[in-house]
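Here is a short tour for a newcomer. Look at the sequence and the model first, then read on.

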Amino acid sequence: MDIVLLVKAALMGVVEGLTEFLPISSTGHLILAGALLGFDDEKAKVFDIAIQTGAIFAVILVYWQKIHATLVTLPSSEQSRRFVVNVLIAFVPAVVLGLLFGKAIKAHLFTPVVVASTFILGGFVILWAEGWARGGRPRAVVRVNNVEAMTPLDALKVGLVQCLAMIPGTSRSGATIIGGMLLGLSRTAATDFSFFLAMPTLIGAGAYSLYKERALLSMADVPLFAVGLLFSFLSAWLCVRWLLRYIATHSFVPFAWYRIAFGVVVLATAWSGAVQWAP
């Protein structure tokens with residue numbers, strides 16, 4: 001296996017792990033990083049989706065106590081059953097719309113300029129949601145303080161909002177966390193539910209992508225994917241632990257400014273030709 005290729009896989013894994021659960025779009029960062037590293041062929045696109053599983057393993061580790069308690073009490077606890085059903089309800093819209101429109105979106109929207117534009121728009125949405133735009137404060141009054149208090153309708157709404165992340169650069173976590181807050185979930189409840197919803201969503205996406213594109217892969221690709229998964233797992237584990245502490249006392253405004261600044265830089269360099277973001 002080419003050492004340079006393994007280094008690229010490690011770098012992509014770190015990018016995935018650090019950005020998957022922050023409201024800054026892991027897909028957008030992977031597209032841009034892949035364009036810069038020359039790691040953007042068809043196999044690389046499968047790799048980008050598959051290594052999300054490493055990040056999910058990190059979330060499972062962080063939330064293992066909650067996951068274990070839910071599974072153990074599932075036969076006897078109405079609260080546990082409601083929680084699992086809510087996650088499944090929220091998962092369904094992404095499955096349906098992904099199967100219907102996923103191919104078209106990948107064919108036409110997975111470009112650095114589209115990603116950068118979505119970065120900027122998403123940044124302004126976060127500022128608006130956090131009350132920085134025009135002095136307003138649109139976030140709804142908090143009525144759901146933890147994931148156990150969510151109703152099936154709450155779950156369905158968050159699931160529909162998650163579908164916005166099919167547009168690269170939007171951010172799955174950003175859409176579900178900010179969307180959840182606007183729907184009346186507390187910052188902590190929205191973040192927790194976003195993480196739990198990520199489990200079936202990203203594992204399902206990874207498995208489906210590997211199965212669909214299995215003709216592109218061989219046993220020789222195992223080291224490449226293993227390195228990406230490992231570095232995705234390690235960086236995501238550190239990031240999730242940090243984010244859970246961060247949201248206790250901070251807003252998402254810094255991430256909004258980062259999105260806007262990064263998007264502007266990408267657009268400026270792409271239009272000027274200073275950086276060849278895509279072939």
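How many residues does helix H2 have, and how far does H2 reach from its first C-alpha to its last? Helix H2 covers residues 26–37, which is 12 residues. H2 reaches 16 Å, close to the 16 Å expected at 1.5 Å a residue. Keep in mind that this is a predicted model.

**Helix H2 and its surroundings**

H2 is mostly covered, with nine of its 12 residues buried. The buried residues are Ser26, Gly28, His29, Leu30, Ile31, Leu32, Ala33, Gly34 and Ala35. What do they pack against? Their partners are helix H1 (3–19), helix H3 (42–50), H7 and H12. Just after H2 comes Gly38, with a positive phi of about 70°. Ser25 sits in the loop between H1 and H2.

**Positive phi values**

Ser25 has a positive phi although it is not a glycine. The same description fits Ser171, which is found in the loop between H8 and H9. The table sets out these residues with Gly38.

| Residue | Place | Phi |
|---|---|---|
| Ser25 | loop between H1 and H2 | about 75° |
| Gly38 | just after H2 | about 70° |
| Ser171 | loop between H8 and H9 | about 90° |

Are the two serines buried or exposed? Ser25 counts as buried because its relative accessibility is 2%. Ser171 is at 4%, so Ser171 counts as buried too.

**The nonpolar cores**

The largest nonpolar core has 44 residues. Inside this core, the residues with the most contacts are Phe21, Met150, Phe193 and Phe252. Several helices each supply at least two residues, among them helix H4 (52–62), helix H6 (78–109), helix H8 (152–162), helix H11 (222–246) and helix H12 (253–272). Which helix gives the most? H10 does, with nine residues. Another core lies apart from this one. That other core has 12 residues, including Val46, Phe47, Ala50 and Leu224.

Leaving aside residues up to four places away in sequence, Phe21 touches Ala55, Ile56, Val59, Arg172, Ser173, Phe195, Ala198, Ala236, Val240 and Leu243. In soluble globular proteins, nonpolar side chains tend to be buried together.

**Two more residues**

Ser232 is found in helix H11. Its relative accessibility is 0%, so Ser232 counts as buried. What does Ser232 touch, not counting residues up to four places away in sequence? The contacts are Gly13, Glu16, Gly17, Ile51, Gly54 and Ala55. Ala55 is also touched by Phe21.

Gln79 lies in helix H6. At 43% relative accessibility, Gln79 counts as partly exposed, because buried means under 20% and exposed means over 50%. Gln79 and Glu148 are 69 residues apart along the chain. Their C-alpha atoms are separated by 6.6 Å.

**The second largest pocket**

How much space lies in the second largest pocket? The answer is about 330 Å³. This pocket is lined by 18 residues, and the closest to its centre are Gly122, Val125, Leu164, Thr170 and Ala175. Helix H7 (112–129) and helix H9 (172–182) are the elements that give two or more residues to the lining. By class, the lining has 11 nonpolar, six polar and one charged residues. H7 and H9 each supply at least two residues of the largest nonpolar core as well.

Methods
Residues are numbered from 1 along each chain as its sequence is written. This is a predicted model: local features need pLDDT of at least 70, side-chain atom pairs count only at pLDDT 80 or more; totals for chains, interfaces and linings use all residues. Side-chain values use heavy atoms; hydrogens and water are left out. On a 1 Å grid over the protein atoms alone, a cavity is a set of points where a 1.4 Å probe fits but cannot get out, and a pocket is an open set with protein on both sides within 12 Å along at least five of seven lines; lining residues have an atom within 4 Å of a point. Grid points are joined across faces, edges and corners, and a volume is the space filled by probe spheres set on the points. Helices (H or I, at least four residues) and strands (E, at least two) are DSSP runs, numbered from the N terminus. Ala, Val, Leu, Ile, Met, Phe, Trp, Tyr, Cys and Pro count as nonpolar, Asp, Glu, Lys and Arg as charged, and the others, Gly among them, as polar. A nonpolar core is a set of buried Ala, Val, Leu, Ile, Met, Phe, Trp, Tyr and Cys residues joined through side-chain atoms within 4.5 Å. Buried means under 20% relative accessible area, exposed over 50%, partly exposed in between (1.4 Å probe, protein chains only). Contact means heavy atoms within 4.5 Å. The expected span of a helix is 1.5 Å times one less than its number of residues.
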